[in-house]
Amino acid sequence: QALDVRSKLLGFALLIGVSTGTHSAVVLVTLFAVAALLAFASRLPMLTLGKRLAGIVMLFGVAVALPVLLWGAFSQEGRGVAATLLLRLLVIPSWVVLLTSTTRWSVLLSGLHRLGMPKSVTALLSMTYRYLLLGIQTSEEMLLARKSRRIGQESAQMGRQFVGFSVVALFGKTLSLSQEVHFALVSRGFQGDFPHLTSSKWQLRDTLFILFCLLVSFGVWRLS
């Protein structure tokens with residue numbers, strides 16, 4: 001967790017790239033073992049990480065593997081392709097979860113900005129992250145207000161009407177809030193970029209981490 005955010009971004013981008021490019025199940029299992037080893041070395045709660053990865057695999061795994069199995073008519077080739085897709089679906093999110101679990105969102109944005117990402121993109125990501133959570137909270141409050149004022153059972157038609165009205169109301173609130181936030185930022189001298197208060201220096205351990213990622217990538221290329 002003490003690595004510079006730039007080395008994390010470059011290293012994990014490299015590992016995600018080789019995980020996407022390989023077609024070997026053995027290599028994917030090895031990469032997952034490396035991700036688990038890094039998570040253990042970072043002293044992350046393994047049970048929490050396992051639950052996150054299990055949710056991702058269960059959510060997208062069936063949608064990805066089922067068409068392949070049906071297309072292959074449960075043949076050996078179809079089962080092999082499905083297994084490779086599921087392993088890739090397990091390995092790639094493990095790198096993403098490991099990165100986001102060891103780095104704060106503001107630090108990630110600062111690292112992307114220092115790596116050359118346009119300031120408009122980092123500002124957009126920062127605002128999206130902040131107000132997406134606010135939108136979810138607003139929708140929950142609308143649903144709670146509806147339930148607290150309801151007497152008896154409602155019909156399915158009334159439920160669909162409520163969902164439609166809620167979507168329109170939430171969209172209107174989002175537009176109004178975006179205008180208010182924009183005017184507030186402009187009035188305070190917003191120039192299209194947020195100041196990044198986090199700063200770190202590239203150290204020897206960052207170079208060693210990049211070399212480790214290059215070594216893993218070279219090994220994957222040789223085995224593939």
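Angles over 145 degrees between helix axes count as roughly antiparallel, and angles of 65 to 115 degrees count as roughly perpendicular. These two cut-offs are needed for the views of helix α5 below, which are taken from a predicted model.

**Figure 1. The whole protein, with eight helices and zero strands**. Read along the sequence, the pattern is α-α-α-α-α-α-α-α. The protein has 224 residues, and 29% of these are buried. Among the contacts with a separation of 6 or more, 79% are between residues 24 or more positions apart.

**Figure 2. Close-up of helix α5 against helix α6**. Two packed helices are described by the angle between their axes and the distance between the axes. Here α5 covers residues 105-114 and α6 covers residues 119-148. Their axes come within 9 Å and cross at roughly 170°. The two helices α5 and α6 are therefore roughly antiparallel to each other. The crossing in which α5 passes α6 is right-handed. On the α5 side, the contact is made by W105, L109, L112 and H113. On the α6 side, K119, T122, L125, S126 and Y129 take part. By type, the residues of this contact between α5 and α6 are five nonpolar, three polar and one charged.

**Figure 3. Close-up of helix α1 against helix α5**. The axes of α1 and α5 come within 8 Å and cross at roughly 80°. That angle makes α1 roughly perpendicular to α5. From α1, the residues V5, R6 and L9 meet V107, L108, G111, L112 and R114 of α5. The residues of this contact of α1 with α5 divide into five nonpolar, one polar and two charged. Within α5, the residues V107, L108, L109, S110 and G111 are buried.

**Figure 4. Close-up of the end of α5 and the loop that leads to α6**. L115 sits in the loop between α5 and α6. L115 has a relative accessibility of 40%, so it counts as partly exposed. Apart from neighbours within four places in sequence, L115 is in contact with R6, L9 and L10. One of these partners, L9, is 106 residues away from L115 along the chain, yet their C-alpha atoms are separated by 9.1 Å. G116, which follows α5, has a positive phi, near 110°.

**Figure 5. Close-up of the largest nonpolar core, with 26 residues**. The residues with the most contacts inside this core are F12, L15, L31, W95, L98 and V220. At least two core residues come from each of α1 (5-21), α2 (25-41), α3 (46-71), α4 (76-102), α5 and α8 (204-223). Helix α2 gives the most to the core, with seven residues. Where does the chain come into contact with L31, leaving aside its neighbours within four places in sequence? The contacts of L31 are with S19, V91, W95, V216 and V220.

**Figure 6. Close-up of V29 in helix α2**. Is V29 buried or partly exposed? V29 has a relative accessibility of 46% and therefore counts as partly exposed. The C-alpha atoms of V29 and L87 are separated by 7.2 Å, although these two residues are 58 residues apart along the chain.

Terms used:
Residues are numbered from 1 along each chain as its sequence is written. This is a predicted model: local features need pLDDT of at least 70, side-chain atom pairs count only at pLDDT 80 or more; totals for chains, interfaces and linings use all residues. Side-chain values use heavy atoms; hydrogens and water are left out. Axes are lines fitted to C-alpha atoms, for helices over the stretch in contact, and angles run from 0 to 180 degrees between N-to-C directions. Helices (H or I, at least four residues) and strands (E, at least two) are DSSP runs, numbered from the N terminus. Angles under 35 degrees count as roughly parallel, over 145 as roughly antiparallel, 65 to 115 as roughly perpendicular and the rest as oblique. A crossing is left-handed if the near helix is turned anticlockwise from the far one by less than a right angle, and right-handed if clockwise. Contact means heavy atoms within 4.5 Å. Ala, Val, Leu, Ile, Met, Phe, Trp, Tyr, Cys and Pro count as nonpolar, Asp, Glu, Lys and Arg as charged, and the others, Gly among them, as polar. A nonpolar core is a set of buried Ala, Val, Leu, Ile, Met, Phe, Trp, Tyr and Cys residues joined through side-chain atoms within 4.5 Å. Buried means under 20% relative accessible area, exposed over 50%, partly exposed in between (1.4 Å probe, protein chains only).
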